Amino acid sequence: MKSDVEEFMPRLLPVESCDTEEYNSNEPPRNPQEYLRQVQREASLCPDVVVAQIDPKKLKMKQSVNVSITGCLAAPQGFSPCLKWQQQQVSTFSEVRQSVNKHRQHWKSQFLDDNVVMVRQLKTYDMILYCQTESEIIVSKLNQSTISAVLEYLINWFEERDFVPQLGRWLYALLACFEKPLLPEAHSLIRQLARRCSAVRANLESKDDDRLSALNLMICIVARYFEQNDLADKE
């Protein structure tokens, strides 16, 4: 009858049973059979379950990195959208993604043109203003790693400066081009984006601010479409 261990880890080599009384651990194995029997005996002496004794205080003293896992900042009273509006935006975004996916399938067989090379190389405010009316088409030509790189740059850009309405079109296009399931890097970036948008929104002074709609939209897409529910605006 097979042991529990053999059920999950079947033997690959035939090894005779080890006689613990005759076994001398002080002598080194003289041949492969003795070596395998030594391994077999040492394994039999190991407990089935081992629990590490970890002192949390020692780990805390050596910790060098602190990771923030906070959610989005709450919107000022009356600045967050209702659930119905959020559901409508998710539906529209889903339709846009289907259209973008058709573009991506087409561009996979095409060579990159000057527009795409420019998007990859630009590191200035000009990238935000460049070809605003065709941002979705340009971004649909990029691969996933380039999309993440551009999104990271734009997030860093408006963390150092401010959110401008033109930026919303680029962010929307980039999010529409992310493929599911998200890569870990993309997952981290979209959460960073939502938190940054919530921070900008928290400092708005008027509901008529032309940035509010775009900020709400970015938070909505990240939280509702990409299922980052802890970041979602509540009714």
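## Helix α9, mostly under cover

In α9, the buried residues are Leu-167, Gly-168, Trp-170, Leu-171, Tyr-172, Ala-173, Leu-174, Leu-175, Ala-176 and Cys-177. That makes 10 buried out of the 13 residues in α9, so to speak a mostly covered helix. Keep in mind that this is a predicted model.

## The core around it

What do some of those α9 residues do once they are tucked away? Two of them, Leu-171 and Leu-175, turn up in the largest nonpolar core, which has 47 residues. Along with Leu-151, Phe-158 and Ile-221, they touch the most other members of that core. The elements giving two or more residues to this core are α4 (83-107), α8 (144-160), α9 (165-177), α10 (184-202) and α11 (212-225). The top contributor is α11, with 11 residues.

As background, nonpolar side chains in soluble globular proteins tend to be buried together.

## Who Phe-158 meets

Phe-158 is one of those best-connected core members, touching the most others together with four more residues. If you skip its neighbours within four places in sequence, Phe-158 is in contact with Phe-163, Leu-167, Leu-171, Leu-193, Arg-196, Cys-197 and Val-200. Among these partners, Leu-167 and Leu-171 are also on the list of buried α9 residues.

## Rings that reach across the sequence

Looking through the whole structure turns up four aromatic pairs. One of them joins Phe-93 and Tyr-172: the ring centres are 5.3 Å apart and the planes sit at 85 degrees, so this pair is edge-to-face. Phe-93 belongs to helix α4 and Tyr-172 to helix α9, so the pair ties together parts that are 79 residues apart in sequence. Both Phe-93 and Tyr-172 are buried.

Phe-93 has another ring partner, Phe-226, and that pair is edge-to-face too, at 6.2 Å centre to centre with 65 degrees between the planes. Phe-226 lies in the segment after α11 while Phe-93 is in helix α4, so here the parts tied together are 133 residues apart in sequence. How buried are these two rings? Phe-93 has a relative accessible area of 0%, and Phe-226 has 5%. The cut-off for buried is under 20%, so both residues count as buried.

## The cluster and a lysine

Step back and the ring pairs link Phe-93, Tyr-172, Tyr-225 and Phe-226 into a cluster. Tyr-225 in this cluster also has a charged companion: Lys-180 lies over the face of Tyr-225, at 4.3 Å from the ring centre.

Technical notes
Residues numbered from 1 in each chain as written. Predicted model: local features only at pLDDT ≥ 70, side-chain atom pairs only at ≥ 80, totals over all residues. Heavy atoms only, no water. Core = buried A, V, L, I, M, F, W, Y, C linked by side-chain atoms within 4.5 Å. Buried < 20%, exposed > 50% of the residue type's maximum accessible area, 1.4 Å probe, protein only. Helix = DSSP H or I, 4+ residues; strand = E, 2+ residues; numbered from the N terminus. Contact = heavy atoms within 4.5 Å. Phe/Tyr/Trp six-rings, centres within 6.5 Å; stacked < 30°, edge-to-face > 60°. Lys NZ or Arg CZ within 6 Å of the ring centre and 35° of its normal.
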